[in-house]
Amino acid sequence: MEARYFASLVPLVNCFRLVVNGLSLAADKGLVKSVTREGSPQELLRGPLYYVLILILCAIVYWRESPTGVISLAMMCGGDGIADIIGRRFGSQKLPYNHKKSWAGSISMFVCGFLISIGMLCYFSSLGYFQLDWTMTLQRVALVSLVATVVESLPITEVLDDNISVPLSSMLMAFWSFGY
C-alpha cells in the first residue's frame with residue numbers, strides 16, 4: 001500500500017519544481033526551455049503541471065491493480081506524446097473541424113496509444129496484477145483509444161488542456177469498460 005505513495009514522490013518533487021519556477025520564485029532556464037513551447041515560466045503552471053498531477057493521481061488511485069490507470073497513463077504519455085511529435089513533423093493534412101490538429105497526429109495517437117496500452121497491460125498482467133480476457137481487452141482498449149483520440153482532436157485546448165482531457169476521458173472510458 002505504501003508503494004503507491006512512494007512512487008508518487010518523483011512526480012510530486014517535479015510538481016513543486018514546476019510551481020516554484022512557474023511562479024518565478026526560482027529561475028531554472030533549462031527546465032523552462034525543455035518543457036515549454038514558448039519559453040515562458042508561467043507555461044509551467046499549465047500543461048506540464050497538469051501532466052505531473054495526473055501522474056500522481058493515477059499512481060495513488062489506481063497504482064497497478066487496475067487497467068484504468070495503466071491505460072490512462074499510456075494514452076497521455078504514449079498516445080498524446082507521440083501525436084504531438086508526429087503531428088508537428090508530418091501533419092500537413094489538418095482535421096476539418098480543428099486546423100491545429102492533423103490526421104497524422106490523430107492516427108498516431110490512436111495507434112500508439114492502443115499499442116502502448118496493450119503492451120503495458122500485457123506486462124502488468126504477466127506479473128499477476130490482473131487477469132484479462134484478451135479478446136474483450138483488445139476491443140475495450142480500441143474503444144478507449146478512439147474516445148481519447150477524438151477528445152484530443154477537439155478544438156477545446158483553450159478551455160481544457162489535453163493533459164487533463166485525454167487522461168480523464170481515458171479514465172472514464174476504461175473504468176466504464178473494465179469496471180475497475
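This note comments on the two domains of a predicted model, on the interface they share, and on two residues with unusual backbone angles.

1. The domain assignment divides the protein chain into domain 1, covering residues 1-63, and domain 2, covering residues 66-179, and the C-alpha centres of these two domains are 21 Å apart.

2. Where the domains meet, ten residues of domain 1 are in contact with 14 residues of domain 2, and the area buried between them comes to about 1,100 Å², with carbon and sulfur atoms giving 74% of that area. On the side of domain 1, Y51, I54 and Y62 together supply 50% of the area buried against domain 2, which is more than any other three residues provide.

3. As for polar features, the rule finds one salt bridge across the interface of domain 1 and domain 2, and a salt bridge joins the side chains of D84 and R37, with an N to O distance of 3.4 Å. Two residue pairs in polar contact are also found across this interface, while the residues of domain 1 that touch domain 2 divide into eight nonpolar, one polar and one charged.

4. Two residues deserve a look at their backbone, given that most residues other than glycine have a negative phi. S24, although not a glycine, has a positive phi of about 60 degrees; S24 lies in the loop between α2 (9-22) and α3 (29-35), and is partly exposed at a relative accessible area of 46%.

5. W63 is likewise not a glycine and has a positive phi of about 40 degrees. W63 sits in the loop between α4 (47-61) and α5 (67-90), where W63 is partly exposed, with a relative accessible area of 22%.

Notes: Residues numbered from 1 in each chain as written. Predicted model: local features only at pLDDT ≥ 70, side-chain atom pairs only at ≥ 80, totals over all residues. Heavy atoms only, no water. Domains from an automatic or database assignment. Contact = heavy atoms within 4.5 Å. Buried area = accessible area lost by both parts, 1.4 Å probe. Salt bridge = Lys/Arg side-chain N within 4 Å of Asp/Glu carboxyl O. Polar contact = N/O pair within 3.5 Å; in protein donor to acceptor, adjacent residues only side chain to side chain. Nonpolar A, V, L, I, M, F, W, Y, C, P; charged D, E, K, R; others polar. Helix = DSSP H or I, 4+ residues; strand = E, 2+ residues; numbered from the N terminus. Buried < 20%, exposed > 50% of the residue type's maximum accessible area, 1.4 Å probe, protein only.
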